[in-house]
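I opened my notebook to look up a few things in this structure. I wrote each one down as I went.

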Amino acid sequence: MSKARELSDYTGLQADITAGDTAARAGRKNLIINGAMNVAQRGTSLTGLYNGTNYLIDRFSFGGGTTDGRVTMTQDSDGPAGFANSLKLACTTADTSIAAADENYIIYRVEGQDLQQLKKGTSSAESMTLSFYVKGNAAATYTAEFYDADNNRHNGQTFNVTTSWNRVTLTYAPDTTGAYTDDNTIGVYIIFWIHAGSNSTSGTFTSNSWAAAVTANRVSASNTSFFDSTARTLNITGVQLEVGSVATDFEHPRSYGEELHLCQRYYEIIADGGRANDSPYFGVGQGVKSDQINWFYDFKAEKRAAFTLIVPTVTNGYQAKTHTTTISGNSLGFTSVHQSLHSIMGYMTNISGVTEQSCWQMQLNGAAAHIAVDAEL
Amino acid sequence: MEIQTVKIENDGFRVNGSMCVPPSLDNADYVKVVAWIAEGNTPTPEFTDAEIAANTQAELNVTSQAYLASTDWYITRHAETAVAVPDEITTARAAARAAII
C-alpha cells in the first residue's frame, strides 16, 4: 500500500471517529449515576411527601417544603423505548393556593470532585448538556436549574412535558466565574422545579445565563404547579449530563451491578430482613463486656463521607448467635470514633450474658429488621 | 426525612429513633440536626432518669450475681468439710443478695 493510500485511509478513519463521537460519545460520558432509575435500594414507593429530603430511587430525591399538596413517588415501569424504569410523581393532594415560600422539586446532587472536567470558573470553561425523558398526564412547563453550591450561582432553563415520552435536551452555557471545589461535598444541585411560590418566581428569570443566585430569579414564572390537580403526574428517566453542547445517546451500557456499586458510595444496605434473597447476616461480633457485643462489617463500596447508621427499633430484631446461644437486641448503634469510610464497627447493647472475647454470628430476626448506611450529599 | 425526635447518643444523635447520626458537617443528616437545633429545638438526653436507674440496677444485678457465683465454693466447702465460711465473705454475700432486684 502506498503512503498516500495509508494517509487517505487514516484521514477517513479520523472523520468517521469524529462523526461517531457526535452520535454517541464513548466512555464514561454521563456524570449522572442511576439516570435510568434502575436502582431503588430503599423501596419502590413513598407516599405523603411534600417537605424535607426523600430518597426512593437512588441519588434522586424529592423534597421542598410548606405546600399543602402531597405526592406519591414511585419507581415506575413506564418508560420510553429502551428504559425499563422511571421516577414517577403523582399528586395525591392538590394545593391551588400557592404560598410565597412554596417550593418542591426533584434534586440530583453532584460532588465537586466529579465536576472538574467542566473547568468552571476558568477562561476555558465548558458548556454542558442535560438531557432526560419526561412524560406527564397533561402539558406542563417546569424549570431545570443548576445551582452551584460552592459559589452560590445558578442557571436555569424551562422544559416542556407532554402526554407522550419525549426527550428534553438543554445545553447550559459555560461559566467562567466560580470554580467547583475539588472535594467530596456538593458541587452542584440539579433541580427540577415542579412547584414554586412567588419567593422563587417573582424576579427576572433569565434562561441559560449564569448569575449570582437571587431567590426570586430561580424559577420561571411560567412554571406549572404540579399541585394544581390530583390528576397531575410526572415521569422522568434517562437523565444524562455530559460535557459539551451535544446530547448524545443515553449511556446505556452500564450494567445494573455497576450502577448499584456507584450508588453504594452514597447508600448501602448492610442487611434487610424484609428483602427476598437477601442475607440476614451483618458480620461478625465480638463480646466486649457482659452487656455489649461489637460487630464489624466491610462495606461493598467506600462511602463518600461520615455516614448515618439506619437501624429501626424492632423487638428482638437483631441477634448474636452461636451454635447453642442466641442473644437478642431491639436495636444497634455506633459511635463515630473508630469508623472508616470502608467499614463500620457497631454495637449491640442493652443485653446480658455476654462473655468477654466471645465470638458471635450477627444476624437479623424478622422482616422489619434492617441495617443501612447513608452518606448522601 | 422530617425530624421528629432527636436524642443525644454517644458523640452524635439518634434521630427519629432509627438513625444514628455522627457529628460531622460532611454528613447531610447532621447538618439537618444542627439546623433543627438552630430553630430552637432541643435534643433529649440519651437516657431518662428512670432509664439511668434501670441500667444501674441491671449492672448491679449482673455484678452481684457474678460475685455470688464466684464465692459459691465457700458454701460448698463448708457443707462438705465443715470449714467455716470467712465472716467477710458471709457479709459480702448477704450484701450482694440484698442488692439484686
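**Entry 1: a tyrosine and its surroundings**

I started with a polar contact: the side chains of Tyr266(A) and Glu111(A) come together at 2.5 Å. I keep in mind that this is a predicted model.

Where does Tyr266(A) sit? I found Tyr266(A) in the loop between helix H3 (256-263) and strand E14 (267-272) of chain A. Is Tyr266(A) buried or exposed? Its relative accessible area is 2%, and the limit for buried is under 20%, so Tyr266(A) is buried.

I then listed what Tyr266(A) touches, skipping residues up to four places away in sequence. Among them are Ile33(A), Arg59(A), Asp114(A) and Arg304(A). Val373(A), Asp374(A), Ala375(A), Glu376(A) and Leu377(A) are also on the list. I checked one distance as well. Ala40(A) is 226 residues from Tyr266(A) along the chain, and their C-alpha atoms are separated by 12 Å.

**Entry 2: chain A as a whole**

I counted three helices and 22 strands in chain A. Its C-alpha atoms fill a box of roughly 75 × 75 × 40 Å along the principal axes. Of its 377 residues, 51% are buried. I also looked at contacts in chain A with a separation of 6 or more. Residues 24 or more positions apart account for 75% of them.

**Entry 3: where the chains meet**

How many residues of chain A are in contact with chain B? I got 31 residues of chain A, against 22 residues of chain B. Three residues of chain A stand out: Ala306(A), Thr308(A) and Ser336(A). They supply 25% of the area that chain A buries against chain B, more than any other three residues. Between them, the two chains bury about 1,700 Å², with 41% of it on carbon and sulfur atoms.

I looked for salt bridges between chain A and chain B and counted zero. Polar contacts gave another result: twelve residue pairs, both at pLDDT 80 or more. On the side of chain A that touches chain B, strands E2 (52-55) and E17 each supply at least two residues.

I picked Thr53(A), which lies in strand E2 of chain A. Its relative accessibility is 19%, under the 20% limit, so Thr53(A) counts as buried. Beyond neighbours within four places in sequence, Thr53(A) is in contact with Ser61(A), Phe62(A) and Arg109(A) of its own chain, and with Met1(B) and Lys32(B).

**Entry 4: helix H1 of chain B**

Next I turned to H1(B), residues 28-38. Which residues of H1(B) are buried? I noted Asp29(B), Tyr30(B), Val33(B) and Trp36(B). They cover an arc of only 115° around the axis, so they are on the same side of H1(B).

What do these buried residues pack against? In chain A, I found strand E17 (308-310) and strand E22 (370-374). In chain B, I found strand E1 (6-9), strand E2 (12-15) and strand E3 (19-21).

I checked both ends of the helix. At the start, a side-chain oxygen of Asn27(B) reaches to within 2.8 Å of the backbone nitrogen of Asp29(B). After H1(B) comes Gly40(B), with a positive phi near 105°.

**Entry 5: cysteines**

Last, I looked for disulfides and found zero over all chains. I compared two cysteines. Cys359(A) is at 56% relative accessibility, so it counts as exposed. Cys20(B) is at 1%, so Cys20(B) counts as buried.

Key: Residues numbered from 1 in each chain as written. Chains lettered and ligands numbered in written order. Predicted model: local features only at pLDDT ≥ 70, side-chain atom pairs only at ≥ 80, totals over all residues. Heavy atoms only, no water. Disulfide = S-S within 2.5 Å. Buried < 20%, exposed > 50% of the residue type's maximum accessible area, 1.4 Å probe, protein only. Helix = DSSP H or I, 4+ residues; strand = E, 2+ residues; numbered from the N terminus. Arc of directions from axis to C-beta. Contact = heavy atoms within 4.5 Å. Polar contact = N/O pair within 3.5 Å; in protein donor to acceptor, adjacent residues only side chain to side chain. Buried area = accessible area lost by both parts, 1.4 Å probe. Salt bridge = Lys/Arg side-chain N within 4 Å of Asp/Glu carboxyl O.
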